[in-house]
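User: I would like to learn how to read the main features of a structure, one at a time. Please give the general idea, then the case at hand.
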Amino acid sequence: MARKFLSGNEAFAYGVRLARPQVISAYPITPQTIVVEKLSEFVEDGSLKSEFVHVESEHSALSCAMGASSTGARAFTATSSQGLLYMAECLPYAAGGRFPVVMMNANRSTALPWNIYGDQRDSLSQLDSGWIQAYAENAQEALDLALMSFYIAEHKKVSTPFMANLDGFVLTHTYEVVDVPDAEQADEFLPSFETDNKMSLSNPKNLGFSAGPDTNTYFKYKEHTGLLNVREVVKEAEIRFEKIFGRHYSGLTESYKTDDADYILITLGSISGLVREIVDRLRENGERVGLLRIRYMRPFPNEEIARAVRNAKAVAVLEKDISFGNEGTVYTNVNSALQKAGINIPAANYIGGLGGKNISPQEIENIFEELKQEETAVRFLGIGVR
Amino acid sequence: MKEIIWHGRGGQGAFTAARLLGEAYSLRDNTFVLAFPSFGPERRGAPIRAFTKLDEKPIGNRSEISKADYSIFLDDTLFSKQAYDELRPHGKILLNTKKKIDIDSVITIDGDSIAEKYLGLPITNTILLGALAAVSGIITLDALTEAVKQSMPPRLHEKNIAAVRAAYEEAGK
C-alpha cells in the first residue's frame, strides 16, 4: 500500500491499472480526459500491458470495448456527458449482450445550454440501459470502485457492464490523499476474467443474435435477474475487499446516523461528504438527523432505503438531476421504494448542483430545517423560487 | 482545519502551489487534504484561484473556500480591498509585491526578486510556499522540499528547493 496524493481521475486510473484490462478504448472529453491520459501514460511506460485503442468517437469507444469483451478480454472505457449520450445506442447493446465492460463516467451536465461542469443528468438519463450504476463519494472510493467494478461486472452470476460515476471536477479534479494498493494484493482480490460468453474457435457459438417476440422476454428477464444478482455479489466483493485491503464498504447504500433519525437526507455522490458534516453539526445541537447515501442506483437499493427510513418522520432527496416535467429521477425511485415497503411519510425533493452550481453548507442546513415541516414537494435549490 | 486560497494568473502556477502544499502536508500520517483549482476554462494571464484545505480528519465540504486562514497573492495586480472579505478573523494575506504595505493582516514579500535570482523566471508559486511555511508554521520546510522532489520534474528540483529555502529565510526575518 502506498499513500499518494491524487485527483479522482488519477485515483480511478490507478485502480484500473491494478485491474489490468487487456483492452482500453476511449475518446477524450472534459472532465474525463485525465483518466485516459493517465492510462495511456501507464501503457507507454510499460507499467500496464494493455492494448490502448484511440478511437474516433464515443460510439466507437464502447463498440470497441464491447468487441474486445466478446473475445473474452477484460475491457475498459471512460466518458462523460455528451460522450455518454453519443454512445447511448451501444449501452443496451453491451448490457443485452452480457458483455461486462467497465466504464468510468465523469458526471457532467448535458447541453443545451453548453456546460462542462458537474451534475448527474448524464448517467441518470441512462438508468434503463441495463448497466450497473455506482456513484463514488471521494477519490479513495473511486479507486476502490475501479477495482471492485471488474469483480462485480465479470462475476458469473452478473455478467453485466458497470458504470462507475465520479462527480465532474469536484471529484475528478480534486486532489486527495489516497491509499494505492499493491499489485500483488490487487491480483489476490481480482481473478482473471473467465467467460463462456465469447467468440471461440474451439467452441464456436452465436453471439449478438436476434430474439423475436416469442423468446425476447426470456432474455430480458435473464438480464434483469443478472442485475438483481449484483446485490449479493457486491456484498461478496466488499467482504473479500475488506479482508485483503482493510477498507470497509457498506453495500448499495451507506447509512450515517439514521437509526434514531427523525429526518433523513438521501443523496448520492460527492455532496454526501458535506451532508455528513452538517449531520454532525446538527447532532451537536441535539437534532435527530441522518444521511442515507445511495452508492448504487442500479440495482436500486429498495430494501436498504426502506430499512433506513422506516422510523423517520420525513425524508428529503437531494440530487443533481431533473426529469423535466416531473421531478428528480432519484426521488421517483426512492418514492417507489417507500411505497413498496408501505412507508407513508412525507418525502421532499431538492434539485441542486445543476451545471456545477455550488451547494453550500447553509443550503444543506436549510433542507434539514424545512424537513421539519414534513411536506411533500419538489424544490430547486439556490434560484429563489419555491 | 486550515484553509488557504491562492490567487494568481493562468501560467503563474497557483494550482501547482495549492497541490504542492497539500502534498507536503499529506506526507504525515493521519492527515486529510483537498486541493483544487477554481474550475473553468484555463487561459494564460486570466485571474484564477486555487484552494487547499488541510485537516486531521476527513474533509467533506468540497466547496470553494469563502473564509481563509491565509489568502496568498502571486501577483499584486490581483490584490484589492475585497481580499479582506475572504479572511477569517486573524486570517492573513500573503502578498508578492515590491511595495511596502503597513497593515497588520498583510505580509509582503518581494518574491519576484527571489524568483529572478534563483529561477531566472518571474514564477513565484514555490517562493510563496516557502514564505507561507515561515510565517504560518502550517508546513515545514523539509516537507515542502520533499513535495517538490516528489511532484515536480527533476530538472526543476534544485532551483525550486533553493528558491523555497531563500523565501523561507527572507519571510522568517
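User: Start with strand pairing. In which sense do strands β13 and β14 of chain A pair, and over how many bridges?

Analyst: Strands of a sheet pair through backbone hydrogen bonds, either parallel or antiparallel. In this predicted model, β13 (residues 314-319) and β14 (residues 347-351) of chain A run in the parallel sense, paired over 5 bridges. To find the register, take V315(A), which stands opposite A347(A) in β14(A).

User: Which sheet of chain A holds β13 and β14, and in what order do its strands come?

Analyst: The order is β9-β11-β10-β13-β14-β15 in chain A, an open sheet of 6 strands with mixed pairing. At the edges stand β9 (253-256) and β15 (378-380) of chain A, each paired on one side only. From one strand to the next, the twist averages 20 degrees.

User: Which helix lies across β13 and β14 of chain A, and at what angle to β13(A) does it run?

Analyst: Helix α13 (residues 329-340) of chain A does, running at about 150 degrees to β13(A). Helix α13 of chain A also lies across β10 (263-268) and β11 (289-294) of that chain.

User: What is the strand order in the open sheet of 7 strands in chain A?

Analyst: The order is β3-β2-β4-β5-β7-β6-β12 in chain A, and the pairing is mixed. β3 (51-54) and β12 (296-298) of chain A are at the edges with a single partner strand each, so each has one side without a neighbour in the sheet. The twist here averages 20 degrees from one strand to the next.

User: In which sense do β6 and β7 of chain A pair?

Analyst: Strand β6 (residues 132-135) and strand β7 (residues 162-167) of chain A are paired in the parallel sense, over 4 bridges. Here Q133(A) is the residue opposite M163(A) in β7(A).

User: Now helix packing. At what angle do the axes of α1 and α3 of chain B cross?

Analyst: Two packed helices are described by the angle between their axes and the distance between the axes. For helix α1 (residues 14-25) and helix α3 (residues 125-136) of chain B, the axes cross at roughly 40 degrees and come within 9 Å. That angle is why α1(B) is classed as oblique to α3(B). The crossing in which α1(B) passes α3(B) is right-handed. On the α1(B) side, the contact is made by A14(B), T16(B), A17(B), L20(B) and L21(B). N125(B), T126(B), L128(B) and L129(B) make it on the α3(B) side. Sorted by class, the contact of α1(B) with α3(B) has 6 nonpolar residues, 3 polar ones and no charged ones.

User: How do α1(B) and α4 of chain B cross?

Analyst: The axes of α1(B) and helix α4 (residues 141-151) of chain B cross at roughly 115 degrees and come within 8 Å. The crossing angle therefore makes α1(B) roughly perpendicular to α4(B). This crossing of α1(B) and α4(B) is right-handed. From α1(B), the residues L20(B), E23(B), A24(B) and Y25(B) take part. Their partners in α4(B) include A143(B), L144(B), A147(B) and V148(B). The contact of α1(B) with α4(B) divides into 7 nonpolar, 2 polar and 2 charged residues.

User: How many residues does each chain give to the contact between chain B and chain A?

Analyst: Chain B gives 16 residues and chain A gives 18 residues. On the side of chain B, the elements giving two or more residues are α1 and β2 (32-37). β2(B) gives the most to that side, with 5 residues. By class, the side of chain B that touches chain A has 6 nonpolar, 6 polar and 4 charged residues.

User: What should I look for in the backbone geometry?

Analyst: Most residues other than glycine have a negative phi, and most peptide bonds are trans. The peptide bond from L112(A) to P113(A) is cis, with omega near -10 degrees. P113(A) sits in the loop between β5 (102-107) and α6 (121-124) of chain A. The bond from R298(A) to P299(A) is also cis, with omega near -5 degrees, and P299(A) is in the loop between β12 and α12 (302-309) of chain A. E374(A), not a glycine, has a positive phi of about 50 degrees. The place of E374(A) is the loop between α14 (361-371) and β15 of chain A.

User: What confidence scores does the model have?

Analyst: Where pLDDT is low, the predicted coordinates should not be read in detail. Chain B averages a pLDDT of 94, and 100% of its residues score at least 70. The model scores ipTM 0.95 and pTM 0.96.

Technical notes
Residues numbered from 1 in each chain as written. Chains lettered and ligands numbered in written order. Predicted model: local features only at pLDDT ≥ 70, side-chain atom pairs only at ≥ 80, totals over all residues. Pairing = 2+ DSSP bridges. Axes fitted to C-alpha atoms, helices over the stretch in contact; angles between N-to-C directions. Parallel < 35°, antiparallel > 145°, perpendicular 65-115°, else oblique. Left-handed = near helix turned anticlockwise from the far one by under 90°. Contact = placed C-beta atoms within 7 Å. Nonpolar A, V, L, I, M, F, W, Y, C, P; charged D, E, K, R; others polar. pLDDT = per-residue confidence, 0-100.
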